[in-house]
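Me: Please take me through one part of this model with care, starting from a single residue near the end of the chain and then moving to the strands and the ligand surroundings. I would like the reasoning spelled out wherever a cut-off decides the label.

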Amino acid sequence: MAASDDPFDLFDRWFADARASEINDPEAMAFATADARGRPSVRMVLLRNAGPEGFGFFTNLDSRKGGELAENPWGALALHWKSLRRQVRAEGPVRQVADTEADAYFKSRSRASRIGSWASDQSRPLDSRETFERRYASLQEKFEGEDVPRPPRWSGFLLVPEKIEFWTDRPHRLHERRLFTRTVDGWDEGLLYP
Ligand SMILES: Cc1cc2nc3c(=O)[nH]c(=O)nc-3n(C[C@H](O)[C@H](O)[C@H](O)COP(=O)(O)O)c2cc1C
């Protein structure tokens, strides 16, 4: 298969274009999960790695998405780059990243964000903004002068794509859709009607 037909090479080129032309957050993607009954939910997350191993992001394992992935480890994502009028979609099984990988990413975040990850019981009901701010302030004190470690329930997920679609806007809604489907030894490429 020619290098230009590899979906991750294509993704890298599109992502570079998006970084150059989007006004903010080219890595923002909608990430869908579903519970054990198949009921879907979707939210934005930031794509933090993309390559042949998959598409990765970081979050709280006890969040709604974390709970749904624990019961149903499948996901779907969509990136939309408005400035380019392009969309990428991917679907496949989702696995948690290794602790070493989560640690390395967590270390790269700002101290304030690291403390925020301890302060936030993500997706749980919160009685008031004040409660959250008090928790944050007391954690700032607790960690004063110390390194802020990764909370044990904060980690990352990797979607290992079985399908990746590249969508390009064309006039009159006659768009182009290139679908890559994983095979035992590579990728099949085909087109879809728009
Ligand atoms: C642009 C954008 C990027 C976001 N990135 C993340 C992220 O990388 N990780 C995360 O946990 N939440 C992120 N959030 C917050 C999520 O959208 C969501 O509110 C949170 O993860 C809880 O989702 P859940 O209750 O479905 O688990 C982001 C929100 C926006 C708008």
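Reply: Strands here are DSSP runs of E with at least two residues, helices are runs of H or I with at least four, and both are numbered from the N terminus. With that in hand, and bearing in mind that this is a predicted model, Trp187 can be placed in strand β10, which covers residues 186–191.

The label given to Trp187 depends on a count of neighbours: a residue is called buried at 20 or more other C-beta atoms within 10 Å and exposed at 12 or fewer. Trp187 has 17 such atoms within 10 Å, and is therefore partly exposed. Once its neighbours within four places in sequence are set aside, Trp187 is in contact with Pro7, Phe180, Thr181 and Arg182. A further spatial relation links Trp187 to Lys163, for the two are 24 residues apart in sequence, while their C-alpha atoms are 8.9 Å apart in space.

The wider stretch also carries a record. An unreviewed UniProt entry annotates residues 154–194 as "domain: Pyridoxine 5'-phosphate oxidase dimerisation C-terminal". In the model, residues 154–194 are 63% strand and 0% helix, with 39 Å between the C-alpha atoms at the two ends.

Two strands from this C-terminal part, β7 (154–159) and β8 (residues 163–168), pair with β6. The pairing of β6 with β8 is antiparallel and runs over 6 bridges, and within it Ala90 has Ile164 of β8 as its bridge partner. The pairing of β6 with β7 is likewise antiparallel, over 3 bridges, with Arg95 standing opposite Leu158 in β7. β6 is also joined to β5, in an antiparallel arrangement with 8 bridges, where Ala78 stands opposite Arg89 of β6. The hairpin formed by β5 and β6 has 4 residues between the strands, and Arg85 in this hairpin adopts a positive phi near 55°.

The helix α2 connects this picture to the ligand. Lys65, Glu68 and Leu69 are buried residues of α2; because they cover an arc of only 100° around the axis, they lie on the same side of the helix. The buried residues of α2 pack against β1 (28–34), β2, β4, β5 (74–81), β6 (86–96) and β7.

Around the ligand there are 15 residues, of which Thr59, Ser63, Arg64, Lys65 and Ser123 come nearest. Two or more residues of this shell are given by each of β2 (40–46), β4 (54–60) and α2 (64–71), and β2 gives the most, with 5 residues. Sorted by class, the shell holds 6 nonpolar, 5 polar and 4 charged residues.

For the setting as a whole, the protein chain has 5 helices and 10 strands, and its C-alpha trace spans about 55 × 40 × 30 Å along the principal axes. Of its 194 residues, 19% are buried. Among the contacts with a separation of 6 or more, 59% are between residues 24 or more positions apart.

Terms used
Residues are numbered from 1 along each chain as its sequence is written. This is a predicted model: local features need pLDDT of at least 70, side-chain atom pairs count only at pLDDT 80 or more; totals for chains, interfaces and linings use all residues. UniProt positions are given in the numbering used here, feature names are shortened, and annotations may be inferred rather than shown by experiment. A residue is near a molecule or strand if its C-beta atom, placed from the backbone, lies within 6 Å of it. Ala, Val, Leu, Ile, Met, Phe, Trp, Tyr, Cys and Pro count as nonpolar, Asp, Glu, Lys and Arg as charged, and the others, Gly among them, as polar. The arc is that of the directions from the helix axis to the C-beta atoms. Two residues are in contact if their C-beta atoms, placed from the backbone, lie within 7 Å. Two strands pair if DSSP finds at least two bridges between them.
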